[in-house]
Amino acid sequence: LTLVGAFLLLMKKEYRCTFYSLETGGQMSRRKFLEGTDIMKADVLKKNKTHWLPISDKVKAWVTEGWETWEEDKPDWFTDKWKASVPEDMKPTEKTGDVDG
């Protein structure tokens, strides 16, 4: 405990705030999705669904709008494992390519 205190005291004052936050995990996940890049948004989908449930309409719209492009462009994060993390009601159907729902 003494070492942690010394560490914080010796640190430049402007960097101290980077070691703690009052933001919850769910708040951070929603912020990352709403403000982030596609790779950050994709990462949010791998989190607990309760983190992004309040913005599920935005998540579904992002998946719906991007899926076909991602199938063609194959970004690094668009893996089989990531696809498996996407809820079934957000995935395009096999026959039509449309999103269910």
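The accessible surface of this chain adds up to about 7600 Å², and carbon and sulfur atoms account for 56% of that. Keep in mind as you look around that this is a predicted model.

**Overall build**

What is the chain made of, in terms of helices and strands? There are six helices and zero strands, so if you walk along the sequence you meet the pattern α-α-α-α-α-α. The radius of gyration is 19 Å, well over the 13 Å that the globule rule gives for 101 residues, so the chain is more spread out than a compact globule. You can also see this in the C-alpha trace, which spans about 65 × 25 × 20 Å along its principal axes.

Here are some whole-chain percentages side by side:

| Share | Value |
|---|---|
| Residues that count as buried, of the 101 in the chain | 25% |
| Contacts joining residues at least 24 apart, among those between residues at least 6 apart in sequence | 39% |
| Accessible surface belonging to carbon and sulfur atoms | 56% |

**A nonpolar patch on the surface**

Now zoom in on the outside of the chain. V4, F7, L8, F19 and Y20 together make a nonpolar surface patch of about 530 Å². One of these residues, V4, sits in helix α1, which runs over residues 2–10. Is V4 buried or exposed? V4 falls in between: its relative accessible area is 48%, so it counts as partly exposed. Patch residues need over 30% relative accessible area, and the 48% of V4 is its own value to set beside that cut-off.

Technical notes. Residues numbered from 1 in each chain as written. Predicted model: local features only at pLDDT ≥ 70, side-chain atom pairs only at ≥ 80, totals over all residues. Heavy atoms only, no water. Patch = residues over 30% accessible without salt bridge, like charges linked within 9 Å, V, L, I, M, F, W, Y side chains within 5 Å. Areas by Shrake-Rupley, 256 points an atom, 1.4 Å probe, with all protein chains shown as cover. Salt bridge = Lys/Arg side-chain N within 4 Å of Asp/Glu carboxyl O. Helix = DSSP H or I, 4+ residues; strand = E, 2+ residues; numbered from the N terminus. Buried < 20%, exposed > 50% of the residue type's maximum accessible area, 1.4 Å probe, protein only. Rg over C-alpha atoms; globule rule 2.2 N^0.38 Å. Contact = heavy atoms within 4.5 Å.
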